[in-house]
Amino acid sequence: MSATGIYTAEIIPEPQEPLDSPEAMERRLRWIGATRYHSLHPFHHLLHGGKLNKGQVQAWALNRYAYQSIIPIKDAVVLSRFRDRETRLEWRHRIEDHDGIAGDEGGIERWLVLTDGLGLSRDYVESTRGILPATRFAVEAYVHFVRDRSPLEAIASSLTELFAPNIHRERIAGMLKHYDFINPDVMVYFSRRLNQATRDAEFALKYCLEHAKTPEQRQQVCDALAFKTDVLWVQQDALYQAYVNGMVPPGAFVPGRDG
Ligand SMILES: O=C(O)c1cc(C(=O)O)c2c(n1)C(=O)C(=O)c1cc(C(=O)O)[nH]c1-2
């Protein structure tokens, strides 16, 4: 972070080119990721660098469960926006990736393996009663966004996944190295996600490159990605304020007392 408190925007200047081609839009999207993705957040640096205690890691996993559990609901809303069967078929597996199908327990269950391993009770985690208010507002805003904006913007808001495999690799390596309460069994969520996220992001990018045909639509795609980086960033801000700065809001998880 710079002395002015700006993380990266001043380090990588915003491309000034007009969004008059798919290539220009892709360059802008990658700039948004490079300057706004939550991998840049100080809370993640602490998490991956082994600088948090177990209670702080519990708080992260508990709050992140709320994000995880809303994703298939968000994807069901996205699916409902499409009249063409082809797009619905392509999108449907995202719901199964998280909720599971016969013979595959799915991502939410794998996330609960992580929270089990951290010593949190399933009842407490699944109730989401201990999550931070900002987490709740952020994940709800994501669902409302895909409900209220155009189908193109709904798909574009998933484009943060272009940048997810890198943070997943960093997290797997960092957490296994630094925390004695983390082992490969509880990190399976992330190792499985590496392939899923790559496939999903490739489809979403291709869709946006093909369907955003005007500079205005390309701008909407970029704005949808920026909105989503805010959804992710604000969750990290809230974790930092509560569990690093020590300002835990009323009703939120208190390590050692709840869970
Ligand atoms: O660990 C992460 O940093 C991270 C980030 C994101 C993302 O960029 O939105 C997702 C995930 N993980 C993830 O596991 C996941 O299933 C997922 C789905 C979506 C989406 O927007 O549909 N994002 C993400």
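How are helix 3 and helix 5 oriented to each other, roughly parallel or roughly antiparallel?

1. Helix 3 and helix 5 are roughly antiparallel (angles over 145 degrees count as such, under 35 as roughly parallel, 65 to 115 as roughly perpendicular, the rest as oblique). Their packing angle is about 175°, with the axes 10 Å apart; axes are lines fitted to C-alpha atoms over the stretch in contact, and angles run from 0 to 180 degrees between N-to-C directions. Helices are DSSP runs of H or I, at least four residues, numbered from the N terminus.

2. This is a predicted model, in which local features need pLDDT of at least 70 and side-chain atom pairs pLDDT 80 or more, while totals for chains, interfaces and linings use all residues. Residues are numbered from 1 along each chain as its sequence is written.

3. On the helix 5 side (residues 107–117), the contact uses G107, I108, W111, L114 and T115, against A61, L62, Y65, Q68 and S69 of helix 3 (C-beta atoms, placed from the backbone, within 7 Å). These residues comprise six nonpolar, four polar and no charged.

4. Helix 3 (residues 54–80) also packs against helix 11 (residues 215–243), at about 150° and with axes 11 Å apart. That angle makes the two roughly antiparallel. In this contact Q56, A59, W60, N63 and Y67 of helix 3 meet Q235, L239 and Y243 of helix 11. Five of the contact residues are nonpolar, three polar and none charged.

5. The residues around the ligand include I71, E161, H168, R193 and L232 (C-beta atom, placed from the backbone, within 6 Å). Helix 9 (residues 164–178) gives the most to this shell, three residues.

Key:
Two residues are in contact if their C-beta atoms, placed from the backbone, lie within 7 Å. Ala, Val, Leu, Ile, Met, Phe, Trp, Tyr, Cys and Pro count as nonpolar, Asp, Glu, Lys and Arg as charged, and the others, Gly among them, as polar.
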